[in-house]
Amino acid sequence: MKIHEYQAKALLAQYSVPVPRGEVAFSAEEAERIAQKLGGSVVVKAQIHAGGRGKGGGVKVAKNAAEAREIAAQMLGMTLVTHQTGPEGRIVQRLLVEETLPIERELYLGIVLDRVQGQPVFMASAAGGMEIEEVAAKTPELILKEPLDAGLGLAPFQARKLAFGMGIPASSVNGAAAAMAALAKAYLASDASLAEINPFILTRDGKVYALDAKINFDDNALFRHKDLLDMRDINEEDPLEVEASRFGLNYIKLDGTVGCMVNGAGLAMATMDIIKYAGGSPANFLDVGGGANAEQVKNAFRILLSDKNVRAVLINIFGGILRCDTLATGVVAAARDLRIKVPIVVRMEGTNVERGREILLESGLNFTVGQDMRDAAEKVVRLSREQSQAGA
């Protein structure tokens, strides 16, 4: 789950990470009042779940409260396009109005899970204000790393090592080290999957602040953090993904034409790979889970077919917990109720597979059966192309 910058900063402040003074605004009038409270000179920042807002015109400095109101009126309701939103962009519905600070240097702090080491890693770099991917590609030596112990957090010696490594003056090292330790504590306590401060700034008077903040949470741990769920902004999520979550389905929309319905994340990834290998492109990742019932299968179909780019569907099921006859019943019911017109290729193996195939054949509907994964992928890609050509 992602949250907005202002929410991330509020969370970090709870753990004593220094952040600029600021408040969220949902109207131009609110932005003006906040600017007056902060002394007039403020930064107005569009709040969307994407980076690159400054380059897209979503971060502007206002010299006074009146200008803050004017900027806010322009930003609210605008479609902000960045390299992370894609060409469709995101509609700006809220703003962060924040005090300006005398920036001396811009640095970078971040924490991610290192799956090779099997533990989180704390990253720091003197090249703040830039995309960390660009720094890693061009000047990887500027990225400093320290392993993060999940039980102990970031040790004082590690924080000081990173601070000196970034060239922070001795007079500011203690403050920077404390901020880094607090960031690590927030990351671990909230079961975050990513925590990033870019830039982490050093001011002219030697203080440090999180000038920007990005935090993503592990969805599988949210049952432990009911308070974090209140931060969810479904307006920033794909409507189909939101709908899928209501039925316990794992769905991610992609850009291809072959819809996929699979049980099990590993099999779903393999299915998308083999579709690509066959020359096609998957339209989604959809894992119905091991214990799906006929109703969930029907809802999965409805959500999958809501994507207008889908030209054919591949159902790839290994019947273990989810029996093949249960799947077949759900597929037939969905095909009838939803009046599905696109070709459907089914590949099933496992529990009650023969009965599942009988249900498909006896339905009288036009299902194509794949003998194995490769055969099913080749058939669905061919049918998808035929449908695309017919539609064109």
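Reader: Asn 352: buried, exposed or partly exposed?
Author: Partly exposed, at 35% relative accessibility. The cut-offs are under 20% relative accessible area for buried, over 50% for exposed, and in between for partly exposed, with a 1.4 Å probe and protein chains only.

Reader: What model is this?
Author: A predicted one, where local features need pLDDT of at least 70, side-chain atom pairs count only at pLDDT 80 or more, and totals for chains, interfaces and linings use all residues. Residues are numbered from 1 along each chain as its sequence is written, and side-chain values use heavy atoms, with hydrogens and water left out.

Reader: Where is Asn 352?
Author: In the loop between β17 and α12 (353-362). Helices (H or I, at least four residues) and strands (E, at least two) are DSSP runs, numbered from the N terminus.

Reader: What about phi of Asn 352?
Author: Positive, near 60 degrees. Most residues other than glycine have a negative phi.

Reader: And which sign has phi in Arg 339?
Author: Positive too, about 50 degrees, and Arg 339 is not a glycine. Arg 339 lies in the loop between α11 (324-337) and β17 (344-350). Arg 339 is exposed, at 70% relative accessible area.

Reader: Switching to peptide bonds. Is Asn 198 to Pro 199 cis or trans?
Author: Cis, with omega near 10 degrees. Pro 199 sits in strand β10 (residues 192-203).

Reader: How many disulfides in the whole structure?
Author: Zero. A disulfide is a pair of cysteine sulfur atoms within 2.5 Å.

Reader: Why no bond for Cys 260?
Author: Because the closest cysteine sulfur, in Cys 324, is 18 Å away, too far for a bond. Cys 260 is buried at 2% relative accessible area.

Reader: Cys 324: buried or exposed?
Author: Buried, at 0% relative accessibility.
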